[in-house]
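Open the model in your viewer and keep the selection tool at hand. The stops below each give a selection and then say what is there.

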Amino acid sequence: MNEFVETLLSLTWHEPRSSYDVVIIGGGGHGLATAYYLATRHGITNVAVVEADYIGSGNSGRNTTIIRSNYGIPESIRFYRHSQVLYDRLEDETGCWIMHATKGLIWLAHTESAMRAERARCQLNNAMGVETVLVDPVEIKRLCPQIDLSGGGRYPVLGASYHVPASTARHDRVVWAYAQGAMERGVHVLQQTAVTGLLRDGDRVVGVRTNRGDIAAGTVMSAVGGDVTTIASYAGVRLPVRTHPLQAFVTNGYSQGFGPIVSDTELLCYISQTARGQMLIGHEYDREQSYSRQSSFQFLQANAVKMSYLLPFVRNLRILRQWTGRCDVSADFSPIMGFTGVDGFVITTGWGTWGFKAIPAGGEQMAELIATGRTPEMIAPFALDRFAADHSMADQGSTGTR
């Protein structure tokens, strides 16, 4: 046993009841966080979280654990800054060690146009109270001594934005912390329970149909990743969402300390060091739409080459494993949270590559929406009806590497 094995969890599993006040489809971070905040903030504990596999088996367990708020529109910055604050105190609140560590994020630029974009990012972030500063190559080398500023002679670094409060946390521990906190307060978490349809009473959704029987509910929330369009179709809701694979990999341990997270705005790749010392490397989602979770050699080859230009030491490391998640990308790259126009059915989706960093704020705000029947001000701009109203929340900075 070591510090990477959680020994203090208290997870109590239940058989499903015939009905609940709230049924949440999806036992990942967003679903469990919503259940946790329903119980802790609003005293609503007659809640079931329904998961087709095991908790955290979807995108929550297939991400690259980066927490940041350096986005490109005020609404996103405000939301993600709040999520950072909630992450900062999550260990104290839940009593669970999520291995949260503040590292800072260096966002590299290689062209003048990219530098203009990073200057604009810094100005907007700081205007919104998020510390992001423009740094030159000398400062980049101080923050990350391992970097090759010449980019292997091919991608010279002109500068970067440095997002000071960026951090990482262990993804499975975040899931377990919310699951334990919810279960301790009476929430039921039902694993191996696949939703095959929704129960309707006229136009209203009144429950879910599962492989273990029907479950009635006052409110049903979809918090699934990848299969969201299928779940929404059961309610007659059409979503402006496309699903793309997102791949990543880790190497063996690197003994020298690697401090910050490094992301490249033009090469569309990023790297950080895990608590084990492994180098965690990812890039933007695959361009082709797919529900596949199969990794590819093409991804490994392209991403390893790009990263070796920036950080030559990775050439001497071995790839241990790779994995693929499924990204639900909305038409304007921003999330969709709230009411759907179908009574009794609410949704949180469209997270693209940035769902992990949104778990605390997304869960808290959706819990408030369910408990009060009103859309909280912080997530009102991300409502589904913005597309019909032509109020786009376009922010490609939301995609994780842009």
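The tour goes through a helix pair, a sheet, the cysteines and a serine. The model is a predicted one.

**Stop 1: two helices**

Select residues 29–42, helix α1, together with residues 171–184, helix α6. How are the two helices α1 and α6 packed, in terms of angle and axes? They pack at about 35°, and their axes are 8 Å apart. Their crossing is left-handed.

Now show side chains at the contact. On the α1 side, pick Gly29, Leu32, Ala33, Ala35, Tyr36 and Tyr37. The α6 residues that they meet are Val175, Tyr178, Ala179, Gly181 and Ala182. Sorted by class, this contact of α1 with α6 holds 9 nonpolar residues, 2 polar ones and no charged ones.

**Stop 2: a sheet of 3 strands**

Select 66–67 for β3 and 101–102 for β4, then add residues 167–168 for β8. These 3 strands make an open sheet, ordered β3-β8-β4, with antiparallel pairing. The edge strands are β3 and β4, each of which pairs on one side only.

Stay with β3 and β8: 2 bridges join these antiparallel strands. To find a bridge partner, pick isoleucine 66 and look across to β8, where threonine 168 is the partner.

**Stop 3: the cysteines**

Select cysteine 144 and cysteine 269, and show the distance between their sulfur atoms. How many disulfides does the whole structure contain? A search finds 0. Why is cysteine 144 not in a bond? The closest cysteine sulfur to that of cysteine 144 belongs to cysteine 269 and is 13 Å away, which is too far for a bond; the cut-off for a disulfide is 2.5 Å between the sulfur atoms. Going the other way, the sulfur of cysteine 269 has cysteine 144 as the closest source of a cysteine sulfur, at 13 Å, so that one is also too far for a bond.

Turn on a surface for these residues. Are they buried or exposed? Cysteine 144 counts as buried because its relative accessibility is 0%, under the 20% limit. Cysteine 269 is buried as well, with a relative accessible area of 1%.

**Stop 4: serine 263**

Select residues 261–264, strand β14, and pick out serine 263 within that strand. Serine 263 is buried, at 2% relative accessible area.

For a final distance, add alanine 358 to the selection. Serine 263 and alanine 358 lie 95 residues apart along the chain, and 19 Å separates their C-alpha atoms.

Notes. Residues are numbered from 1 along each chain as its sequence is written. This is a predicted model: local features need pLDDT of at least 70, side-chain atom pairs count only at pLDDT 80 or more; totals for chains, interfaces and linings use all residues. Side-chain values use heavy atoms; hydrogens and water are left out. Axes are lines fitted to C-alpha atoms, for helices over the stretch in contact, and angles run from 0 to 180 degrees between N-to-C directions. Helices (H or I, at least four residues) and strands (E, at least two) are DSSP runs, numbered from the N terminus. A crossing is left-handed if the near helix is turned anticlockwise from the far one by less than a right angle, and right-handed if clockwise. Contact means heavy atoms within 4.5 Å. Ala, Val, Leu, Ile, Met, Phe, Trp, Tyr, Cys and Pro count as nonpolar, Asp, Glu, Lys and Arg as charged, and the others, Gly among them, as polar. Two strands pair if DSSP finds at least two bridges between them. Buried means under 20% relative accessible area, exposed over 50%, partly exposed in between (1.4 Å probe, protein chains only).
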